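Here are my notes on the structure, set out as numbered points. Please read them with the sequence and the model open.

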Amino acid sequence: MVDNSTNTIQQLHAPPKPLVVYGAIFVLLFLPLVISTPLATEILIWAIFGMGFNLLLGYTGVLSFGHAAYFGLGAYSAGLAFRYLDAHLFVGIVAGILAPMILACFIGALAIRKRGVYFAMISLAFAQMLYFLALSPLKEITRGEDGLTHIPAMALFSFSLGKPLPLYYFVLVITAIMLYSTWRILQSPFGKLLQAFRENEERAKACGYNTTLVKFFSLVISAFYAGLAGALNTVYLGYVPLTTLFWLTSGTMVMMTILGGKGTFLGPLVGVGVFLFLQNTISLITPRWELFVGSIFVAIILLFPGGIMGTVEEKIAAYRMRRASK
Amino acid sequence: MQHVRFLHKTGLVMLLIGMISAALLVAAPAPASAQQKTIKYGTMHPLTGAYAVLGQDQMRATQMAVDEWNAKGGVLGHKIVWIYRDDELKGNVAIRRAKELVEEEKCDFIGGTLSGSISLAINEFACKTKTPYVAYCMSDMVLGSDQCEYGAAFMVIPYSAALAVSKYAFENVGKKWFSITADYRWGHSLLEGWMWQSEQMGGQHLGNVYVPLGTTDFSTYFAKILAAKPDFIVMNNLGADQTAAIKQASELGLTKNMKIFCTKTAQHTIKELGSAYNENVIGGMSFYWKLRDKYPGAKKFVDKFMEKYGAPPEQDGECGYVATNLLFMAIEKAGTVSDKKKIMDTMADLKYTLTKGQEYVRGCDQQRIQSYVLVKGKGAKAKGWDLADIVAEIPGDSIVMSCEDNAKKLPFVNIKLPK
Amino acid sequence: MFEIPWNVIAMQFFFGIALGCIFVLLSSGMSIIFGLLDVVNFAHGTFAMLGAYAVFVVVSLTGNFFIGLVSAVIIVGIIGMFVEFILLKPLYGKDPLLPLLLTFGLSVAIPDLIKIIFGLIGKPVNYPEALSGIIALGPVIIPGYRLFIILFTLVAIISLWLFLKKSDLGMIIRASTRDSLMVQTLGINVSRIWTIGFAIGVGLAALAGAIAAPMMSATPDMGVDMTMTAFVVTVVGGLGSLGGAIVGGLLIGLVVAFTAFIAGEYSSVSMYFCMALILLLRPRGLFGEQGRE
């Protein structure tokens with residue numbers, strides 16, 4: 001079931017070996033030894049967000065410039081459940097996943113048929129609407145600019161998640177599950193279909209596939225990831241900042257995914273890690289870190305449009321090709 | 001398929017080994033802080049984002065205070081190790097920074113932050129982790145349920161600012177007022193303060209408009225205000241919002257024949273506004289550099305700051321300077337660097353004279369009781385940093401509510417805000 | 001409370017139009033760039049910010065606001081040429097998302113450059129002396145500067161329209177918007193046309209920033225909101241349509257003004273509501289070409 005076909009797509013974007021999945025998780029186990037635990041936790045959370053985003057942008061070829069809507073809605077749904085309903089950890093997370101999925105169904109039903117740029121803009125419009133609604137008109141519930149505070153510390157079966165390392169490994173377990181699921185999705189017929197669309201939508205359509213439906217499902221699955229990441233973000237912060245809904249959150253996500261390499265399996269993880277690490281490190285040296293991060297981003301687009309992992313994969317493929325021809 | 005299964009197995013074995021080592025990592029006791037004779041103070045400032053000017057001043061003033069103490073030999077023989085981080089004016093980043101400072105860097109004390117909302121979140125974090133936190137911001141964190149013994153607030157709180165400015169306005173200018181309020185908690189707090197004072201002093205509130213944060217066109221609101229014909233306009237906003245609002249008020253000629261009160265303003269806002277901030281615009285600040293003519297402490301602080309950084313400190317810088325000093329004074333007086341509860345208790349009754357007259361930290365809610373300064377602009381006559389003149393200094397005790405009222409947010413909680 | 005005086009409504013209408021005029025300048029630039037290059041310029045507001053700083057520099061050197069306006073367009077237009085030539089050109093023909101992402105990167109980096117050069121504190125730009133008064137038409141009070149904005153935008157847009165319709169270069173630009181391959185085959189260097197088109201587009205953005213500068217001072221971070229507004233207006237009017245940018249800009253200006261009047265706290269969200277509504281009812285925007293959605 002795994003390595004059966006030899007079509008062009010598979011050659012271009014070879015499916016990750018299982019070793020890659022396990023290896024990535026293995027490396028992540030020791031991440032807190034290298035960088036600060038809160039940063040490592042944040043990298044995992046954003047990586048989950050990124051995996052879902054990559055599924056949509058990288059594998060399906062649909063750009064949503066309003067993914068903050070799903071991330072923020074997940075964060076707020078979980079936060080509201082924790083704060084007002086005293087919900088259990090998992091109930092809150094499920095709430096944080098369901099609400100964005102419903103929103104994705106709504107936005108998808110309305111707009112997924114539109115051409116790329118229009119879909120990106122419509123997503124953006126909805127995300128900004130949510131942001132401004134949470135800021136002013138709905139501030140009685142969302143606490144507006146203050147963000148949602150007074151979220152109780154979470155516990156997993158009487159095991160407190162207030163301490164940094166247990167929280168990290170809790171998030172890591174979920175990240176591992178999501179990493180594995182993403183891998184399975186990409187191996188599945190559905191995953192193959194996604195990639196077929198991205199490569200040539202017209203041909204896939206001509207083959208009798210309902211491209212709209214597949215894009216729709218891709219969007220909803222992506223919202224699942226974003227909502228999960230949002231909910232975990234709430235557990236991690238103990239607080240929901242309004243900025244989770246702001247369009248710069250979407251923008252940052254796009255930057256991270258491109259940096260890592262869209263349409264590559266490890267791209268989002270690497271992109272998120274490198275971005276947050278760079279930002280964290282450069283901001284220790286100069287407050288003008290945005291200049292460096294922005295310039296690095298521009299340079300990557302010009303020099304390595306495939307991103308970090310895209311370039312790495314290309315090099316590996318070229319190497320294999322050379323070896324095979326020898 | 002054989003191959004794949006093999007890879008699965010290898011992967012799982014690797015994972016297992018990894019998990020065991022990770023479990024050991026969690027179980028291992030944290031390395032004892034073996035460092036002798038140092039205390040660690042970590043601060044967060046918005047060095048990027050809309051208030052980077054203020055964040056920079058906070059950071060600089062903190063550095064000045066730490067350097068001064070270290071030059072004197074530190075606190076109780078302990079050298080002060082100070083580190084700072086950029087909180088980017090974003091809640092999630094600020095919390096990450098706070099976690100890093102406390103959990104990774106093992107800071108004994110944390111401080112800083114500018115945004116009220118972020119400070120509330122950090123305050124909550126400080127309460128959970130029992131880390132003393134000296135807030136430089138203008139938030140309501142000393143009120144009601146937000147309060148805990150580990151947080152202390154060093155900027156004038158919103159209500160007090162509103163009470164100070166409104167008192168001056170109703171006494172000196174007129175009774176009929178119209179307000180422009182930034183639509184978030186901080187703005188609402190200011191408005192509540194104004195409305196309460198208005199009831200007390202027989203003011204007449206003609207109306208209010210709520211304006212979302214980040215609004216750049218205020219002219220559309222002024223039509224409504226002109227029709228109401230107030231004696232003066234109140235601005236409950238800050239930064240770029242205030243800049244745009246006053247610029248456009250001046251465009252309509254309002255700064256020529258009407259007074260405008262900014263409940264809180266800032267030196268850089270006046271600078272940014274240039275000639276539009278004229279003598280009819282009166283703004284409140286907790287510190288303005290011209291206080292150096294009045295207080296020797298202010299002179300020492302301002303001159304040193306000017307010499308070092310080439311510009312006078314903002315109120316936020318002064319606040320950071322005082323907060324940092326107070327933290328170390330409390331440690332010195334408490335005679336301990338490790339008993340954090342005792343340090344906070346000591347701070348809570350400290351009387352001191354630093355940059356203004358004599359001030360104190362009020363015991364019940366750990367807020368700095370300080371005066372509030374009103375300045376009027378100099379318009380086109382402004383030169384360099386000579387941007388405004390002080391018109392009044394309202395004493396601190398007259399603009400705070402009693403401890404009991406503060407804990408219940410009285411009397412402001414009874415104010416009905418307009419729709 | 002229910003009796004709203006007509007003069008306030010009239011003023012509101014006027015302010016809405018004046019606000020809309022700035023939006024028109026902003027989004028017509030974005031529309032030209034999109035129509036010609038198929039690039040969604042995420043740094044559009046950033047170029048507007050550069051325009052505001054350019055006007056500050058020139059005004060403090062020459063003391064004349066109008067020279068400032070013109071030189072802002074020229075300075076930023078030249079910067080735009082370089083950006084297009086060095087950074088965007090290599091990306092044509094590749095993934096259509098790359099130019100969008102590149103300009104996004106610029107919008108992150110350039111404001112920091114401005115902070116390093118001009119400092120963190122924004123720079124005031126005064127209203128030009130001749131226009132700073134107010135005009136009272138009975139109970140309706142109109143600031144002279146807003147009237148200037150409306151008239152100036154009118155002149156700018158009409159000249160732009162004449163340029164595109166009547167001049168040779170304008171005709172080539174319009175032809176390239178339709179079918180650049182055909183223009184290329186006719187022996188015209190389309191690559192150069194693209195550079196010029198991009199320069200005109202960001203020049204218009206700079207004009208919007210420069211004309212807005214007296215109303216809000218020039219600050220490094222002012223571009224972010226302007227980019228968003230330009231998006232909304234362009235999408236409402238129809239991507240790539242100049243007429244759409246004009247109608248969309250005025251419409252959004254009026255919507256914001258009247259929402260501010262009726263329910264202030266909704267004024268920011270109203271723009272996005274309007275955009276979502278129009279996109280759902282008429283996906284290609286008011287004047288968008290059919291088939292491009």
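**Notes on the model**

1. Chain B has a radius of gyration of 24 Å, which agrees with the value near 22 Å that a compact globule of 419 residues would have. The radius is taken over C-alpha atoms, and the globule rule is 2.2 Å times the number of residues to the power 0.38. Along its principal axes, the C-alpha trace of chain B spans about 85 × 65 × 45 Å.

2. On conventions: this is a predicted model, in which local features need pLDDT of at least 70 and side-chain atom pairs count only at pLDDT 80 or more, while totals for chains, interfaces and linings use all residues. Residues are numbered from 1 along each chain as its sequence is written, and chains are lettered from A and ligands numbered from 1 in the order in which they are written.

3. Chain B contains 14 helices and 15 strands. These are DSSP runs numbered from the N terminus, with helices being H or I of at least four residues and strands E of at least two. Of the 419 residues in chain B, 60% are buried. Buried stands for 20 or more other C-beta atoms within 10 Å of a residue's own, exposed for 12 or fewer, and partly exposed for values in between, with C-beta atoms placed from the backbone. Among contacts in chain B between residues at least 6 apart in sequence, 67% join residues at least 24 apart. A contact requires the C-beta atoms, placed from the backbone, to lie within 7 Å.

4. An open sheet of 7 strands in chain B has the order β7-β6-β8-β9-β10-β14-β15, with mixed pairing. Two strands pair if DSSP finds at least two bridges between them. At the edges are β7 (204-211) and β15 (388-394) of chain B, each pairing on one side only. From one strand to the next the twist averages 20°. Within this sheet, β9 (residues 259-262) and β10 (residues 281-285) of chain B run parallel and are joined by 3 bridges. Cys262(B) has Gly283(B) in β10(B) as its bridge partner.

5. Two helices lie across these strands. Helix α5 (residues 158-172) of chain B crosses β8 (232-236), β9, β10, β14 (372-377) and β15 of chain B, at about 55° to β14(B). Helix α6 (residues 185-200) of chain B lies across β6 (176-182), β7 and β8 of chain B, at about 165° to β6(B). Axes are lines fitted to C-alpha atoms, for helices over the stretch in contact, and angles run from 0 to 180 degrees between N-to-C directions.

6. Another pair of strands in chain B is β1(B) and β2 (residues 79-86), which pair in the parallel sense over 8 bridges. His45(B) stands opposite Asp86(B) in β2(B). In β1 (residues 38-45) of chain B, 7 of the 8 residues are buried.

7. Is Lys383(B) buried or exposed? Lys383(B) is exposed, with 8 other C-beta atoms within 10 Å. This residue lies in the loop between β14 and β15 of chain B. Its C-alpha atom is 9.7 Å from that of Lys271(B), 112 residues away along the chain.

8. Between chains B and A, 35 residues of chain B are in contact with 38 residues of chain A. On the chain B side, α1 (2-27), α3 and α4 (116-129) give two or more residues. The largest share, 12 residues, comes from α1(B). This side of chain B divides into 16 nonpolar, 8 polar and 11 charged residues. Ala, Val, Leu, Ile, Met, Phe, Trp, Tyr, Cys and Pro count as nonpolar, Asp, Glu, Lys and Arg as charged, and the others, Gly among them, as polar.

9. At this interface, helix α4 (residues 37-60) of chain A packs on helix α3 (residues 91-104) of chain B at an angle of about 140°, with the axes 8 Å apart. That makes α4(A) oblique to α3(B); angles under 35 degrees count as roughly parallel, over 145 as roughly antiparallel, 65 to 115 as roughly perpendicular and the rest as oblique. Thr37(A), Pro38(A), Leu39(A) and Glu42(A) meet Arg96(B), Lys99(B), Glu100(B), Glu103(B) and Glu104(B). By class, this contact has 2 nonpolar, 1 polar and 6 charged residues.

10. Chain C touches chain B through 32 residues of chain C and 34 residues of chain B. α1(C) gives the most to the chain C side, with 6 residues. That side has 19 nonpolar, 9 polar and 4 charged residues. Chain C itself has 10 helices and 2 strands, and 59% of its 293 residues count as buried.
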